[in-house]
Amino acid sequence: GRGLLGLATIFVLGKFVLDTIFTYVVQSRSPEAFLAVTLGTVLLCANITSALGLSDTLGAFFGGVLLSETHYRHQVEADIAPFRGMLLGLFFTTVGFSIELPLVFSAWYIILPLIMGLMIIKALVMFCVCFIGGVRSPASLQAALLIAPGGEFAFVIFGLASKLRLLPNHTTHILVTATAISMALTPVLFKFVEQLGSSLRNSRASVEGIDEEALSTIGAITDSDNRQAGFVVVFGYGRIGKVVCQLLDIEGMFNYVVLERFADKAIMARSAGLNVFLADCTSKETLEKFNVGKAKLIVVAIADEKVANQVVAVIQEKYGQDLNILLRAQDARHQDEAKRRFNVDAFIPALPADSALLALPFGGEVLTRIGVEKAEVNALIEEQRRSIYQEEHGLRKLSMSDEAIREAFSVVDQDGNGVLSRDEMEQAVQTLDLDISEDDIHLIFEKADVAVTGGITLEDFQSLMGDKFVKYWWETHLKL
């Protein structure tokens with residue numbers, strides 16, 4: 001009874017109070033306060049469940065669930081990223097400590113069947129759940145194999161059972177050891193599952209990239225009776241199309257399908273289990289097959305201007321001009337042509353084509369067009385921007401590589417003369433809608449202009465980015 005009351009209290013307070021608290025904290029513009037509220041929420045939930053005689057791990061789990069339900073969940077995820085890696089490493093270190101090697105050698109005839117039985121039963125259950133839910137092989141097979149090893153909550157359950165004397169200590173040690181060994185097999189299983197899924201999809205995919213699994217996926221996504229929030233159709237899986245899909249995946253509210261005209265891109269993406277299909281993007285039959293007319297938003301992210309225009313023309317010829325279409329424009333001329341000829345909105349990427357960051361503003365525009373709140377869009381773009389830098393340059397949170405600084409410098413340096421003037425700094429702040437006062441702008445400029453020349457060079461700018469105060473503003477607000 002007390003346990004249920006405590007969990008209900010956590011749920012009610014988290015559901016109706018936590019968002020309000022985060023709103024006040026965000027207004028204070030203190031990243032430290034935001035992080036403190038995040039960690040404090042988890043610790044408070046853990047202490048509440050511990051005081052009620054339940055596991056503090058269960059409380060921490062509920063705290064995480066509550067944080068994931070707030071409007072600031074993406075910013076929370078970005079802020080705890082450094083701790084996540086460290087704590088995961090610490091957790092798996094403790095898992096390694098829980099494996100008792102003498103026990104493994106002395107009771108291997110018990111532990112080995114336990115591991116096999118655990119993984120087989122879990123895999124079968126997961127496979128059946130996927131099958132009933134309409135997920136077909138190889139995706140269901142991959143999910144079954146990856147879920148097969150034991151989970152971290154097994155340690156909580158076995159520890160609690162031992163504490164309550166429901167299990168003998170020797171039995172608990174055997175179960176914990178078997179679970180830990182099964183978890184240690186996860187990386188090997190992941191590699192095997194990745195290769196298995198790729199092989200199965202490659203062998204089953206037809207020339208048009210459509211197999212039984214693909215048809216099932218398309219039907220589940222585009223069937224109007226099953227849609228809740230709507231779905232998005234993306235034409236083109238190049239650099240921009242990829243980042244648009246990544247942002248949609250992170251947001252999680254909207255399903256999508258991608259139509260790609262190049263076989264190598266489509267097959268590679270399909271082999272990875274993505275909803276990318278090889279198709280003739282200018283064919284009316286393709287539009288009908290993928291129910292393009294029912295989409296909440298159509299994103300034309302094809303780099304070839306001529307093909308992109310053809311896609312828009314075919315869509316409007318078949319469905320009229322009432323559809324919500326967002327076109328990637330190559331330049332201002334293409335943007336004007338799209339508005340005049342098709343009456344559709346076109347968006348010009350702000351950075352050079354060789355930058356992986358060029359797609360982020362376009363992806364943000366996609367999320368805005370399908371109704372995602374601006375604050376959440378900004379948090380998603382910030383999270384993805386950091387992810388790109390971490391993948392390409394191995395950067396840590398709140399740090400910027402030389403290349404990142406050069407890109408930021410080139411965005412602000414509008415005349416391209418290699419020196420930032422005070423006017424260019426102020427213009428950048430106005431254009432990016434940064435919440436920085438005029439006094440703060442002057443303070444930033446004077447801090448960087450060491451030689452008092454009235455301009456900021458790239459070297460001065462690099463020094464500027466090392467300052468904690470300035471780095472906070474630019475890392476948080478400058479959406480490259």
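Which residues of β1 are buried on one side, and which on the other? Phe-231, Val-233 and Phe-235 sit on one side and Val-232 and Val-234 on the other, and all of them are buried, leaving both faces of β1 covered. Keep in mind that this is a predicted model. Below is a quick tour of that strand and its partners, followed by a look at the salt bridges.

**Strand β1 and its surroundings**

- Strand β1 runs over residues 231-235, and five of its five residues are buried, so the rest of the structure largely encloses it.
- The two-sided pattern fits a general rule: side chains in a regular strand alternate between the two faces of the sheet.
- One partner of β1 is strand β2 (residues 255-260), and the two pair in the parallel sense over five bridges.
- If you want a spot to look at in that pairing, go to Val-232, whose bridge partner in β2 is Tyr-256.
- Strand β4 (residues 297-300) also pairs with β1 in the parallel sense, here over four bridges.
- For the β4 pairing, check Val-234, which has Val-299 as its bridge partner.
- Together with helix α14 (residues 239-251), β1 and β2 make up a β-α-β unit, and that unit is right-handed.

**Salt bridge between α16 and α17**

- There are seven salt bridges in the structure.
- In general, side chains of opposite charge can pair when their charged atoms come close.
- One of the seven joins the side chains of Lys-284 and Glu-317, at 2.8 Å from N to O.
- Lys-284 belongs to helix α16 (residues 284-289) and Glu-317 to helix α17 (residues 305-319), so this pair ties together parts 33 residues apart in sequence.
- Lys-284 is partly exposed at 34% relative accessibility, while Glu-317 is exposed, with a relative accessible area of 58%.

**Salt bridges around α18**

- Arg-333 and Glu-305 meet through their side chains in a salt bridge, again with an N to O value of 2.8 Å.
- Since Arg-333 lies in helix α18 (residues 332-341) and Glu-305 in helix α17, the pair ties together parts that are 28 residues apart in sequence.
- Arg-333 itself is partly exposed, at a relative accessible area of 45%.
- Arg-341 forms a salt bridge with Glu-337, and their closest N and O atoms are 3.6 Å apart.
- Both of these residues are in helix α18, four residues apart, so about one helical turn separates them.
- Arg-341 is partly exposed with a relative accessible area of 48%, whereas Glu-337 counts as buried at 16% relative accessibility.
- Shared salt-bridge partners link Glu-305, Asp-331, Arg-333, Glu-337 and Arg-341 into one network.

Technical notes: Residues are numbered from 1 along each chain as its sequence is written. This is a predicted model: local features need pLDDT of at least 70, side-chain atom pairs count only at pLDDT 80 or more; totals for chains, interfaces and linings use all residues. Side-chain values use heavy atoms; hydrogens and water are left out. Buried means under 20% relative accessible area, exposed over 50%, partly exposed in between (1.4 Å probe, protein chains only). Two strands pair if DSSP finds at least two bridges between them. A crossover is right-handed if, with the strands pointing away from the viewer, the path from the first strand over the helix to the second runs clockwise. A salt bridge is a side-chain nitrogen of Lys or Arg within 4 Å of a carboxyl oxygen of Asp or Glu.
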